[in-house]
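Here's a quick walk through a model, starting with its ligand and moving on to the packing of the protein. Have a look at the structure first.

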Amino acid sequence: MKVGGQVNTKKIVVANQKGGVGKTTTAVNLAASLAIMEKSVLLIDCDPQANASSGLGFDVKKIEQNLYTGLIGEYRAEEIIQDTDLKFLKIMPSSHDLVGAELELLDKTGREYYLNNLIRDIENDFEYLLFDCPPSLGIVTVNALCAAQKLLIPLQCEYYALEGIAQLLRTYELVKTRLNNELDILGVLLTMFDKRNNLCHQVAAEVQKYFQGKVFKTIIPRNVRLSEAPSHGKPVISYDIRSTGTIAYLELAREVVRMGG
Ligand SMILES: Nc1ncnc2c1ncn2[C@@H]1O[C@H](COP(=O)(O)OP(=O)(O)O)[C@@H](O)[C@H]1O
Ligand SMILES: [Mg+2]
């Protein structure tokens, strides 16, 4: 969106190379919550598993205009962007073919910037761009890190929460110093928190200590509605507006807006 003649799009990448930590749930529901707040949002599904796309009701096998065909130059970004049931939320869907991009991009010059180049013409049409990453630190994730400004790291409240985090932070530092010096850490998000579970409290305390002030105040509780909503092709807010999951992601969206990120 142009604010006073200046472009001010916030670009947030949701990444953690561990699977099942709540990346997609966060990308989809943060995007939907921002959209409910009438922020124009584009969700970019960078995972070949395409869970964000199917979770919003898209049959990814049938969509030829997707992130893969965009990255290889068959379609322009504006041709790939699809409407969702929420007025302010649009999506660039993924497809299973995106697995191939990992290999196909490897020997290309400027391979880290394909996604950045793809979105260049359309990013200013949105207030927020959210990138959902695959569970790896491969070239597609690096592309998302190069296209964004802010990194949101979801951590599941479990015993091994911090396992692999050093590698993620190394990748972040490498990208920041060599490829995209705009990139900063927006925050670490605790997900699947169960307040009756002592271990969750211990993990939360450990994460707070490790990340010193970089942890979101909002904590996402474990909530069955969050896991059910994708099978109905909806973000949780459209599935059960009163659920604790809905309330938590709205709170996260408000926190993100307050941070100006
Ligand atoms: N807060 C939550 N409460 C309950 N289930 C959740 C929550 N967050 C995610 N899940 C479920 O956990 C699984 C992994 O979450 P997902 O967002 O797909 O992780 P990732 O994208 O990191 O692999 C999914 O089945 C999802 O529905
Ligand atoms: Mg995912």
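## Around the ligand

Ligand 1 has 14 residues around it, and the ones that come nearest are Gly20, Thr24, Thr25, Pro221 and Asn223. Keep in mind that this is a predicted model, so distances here are computed from predicted coordinates.

Three polar contacts are worth a look. Thr25 puts a polar side-chain atom 2.5 Å from an oxygen atom of ligand 1. For Thr24, an N or O atom in the side chain sits 2.9 Å from a ligand 1 oxygen. Val21 joins in through its backbone instead, with an N or O atom 3.1 Å from an oxygen atom of ligand 1. On its own, ligand 1 has 550 Å² of accessible area, and the protein covers 78% of that. Helix 1 (23–36) and helix 10 (224–228) are the elements that give two or more residues to the shell. Helix 1 provides the largest share, with 3 residues.

## Two nonpolar cores

Which residues touch the most other members of the largest nonpolar core? Val13, Ile44, Met92, Leu115 and Phe131 do, in a core of 54 residues. Helix 7 (residues 139–147) makes the largest contribution to this core, at 7 residues. Apart from this core lies another one of 35 residues, including Leu226, Leu250, Leu252 and Val256.

Back in the largest core, Met92 is a handy residue to click on. Skipping its neighbours within four places in sequence, Met92 is in contact with Leu42, Leu43, Ile44 and Asp45, as well as Leu67, Ala77, Ile80 and Ile81. Leu118, Ile119 and Ile122 complete the list of Met92 contacts.

## Aromatic pairs

How many aromatic pairs turn up in a search of the whole structure? The search finds 2. One is Tyr159 with Tyr160: the ring centres are 5.1 Å apart and the planes are at 75 degrees, so this pair is edge-to-face. Tyr159 is exposed, with a relative accessible area of 61%, while Tyr160 is partly exposed at 48%. The cut-off for exposed is over 50%, which is why Tyr160 at 48% misses that label.

The other pair, Tyr210 and Phe211, is also edge-to-face, at 4.9 Å centre to centre with 65 degrees between the planes. Are its two members buried or exposed? Tyr210 has 43% relative accessibility and counts as partly exposed, whereas Phe211, at 9%, counts as buried.

Conventions: Residues are numbered from 1 along each chain as its sequence is written. Chains are lettered from A and ligands numbered from 1 in the order in which they are written. This is a predicted model: local features need pLDDT of at least 70, side-chain atom pairs count only at pLDDT 80 or more; totals for chains, interfaces and linings use all residues. Side-chain values use heavy atoms; hydrogens and water are left out. A nonpolar core is a set of buried Ala, Val, Leu, Ile, Met, Phe, Trp, Tyr and Cys residues joined through side-chain atoms within 4.5 Å. Buried means under 20% relative accessible area, exposed over 50%, partly exposed in between (1.4 Å probe, protein chains only). Helices (H or I, at least four residues) and strands (E, at least two) are DSSP runs, numbered from the N terminus. Contact means heavy atoms within 4.5 Å. Rings of Phe, Tyr and Trp (its six-membered ring) pair if their centres lie within 6.5 Å; planes under 30 degrees apart count as stacked, over 60 as edge-to-face and the rest as tilted. A residue is near a molecule or strand if one of its heavy atoms lies within 4 Å of it. A polar contact is a pair of N or O atoms within 3.5 Å; within protein, one must be able to donate a hydrogen and the other to accept it, and residues adjacent in sequence count only if both atoms are side-chain atoms. Accessible areas come from the Shrake-Rupley method with a 1.4 Å probe; for residues, only the protein chains shown count as cover.
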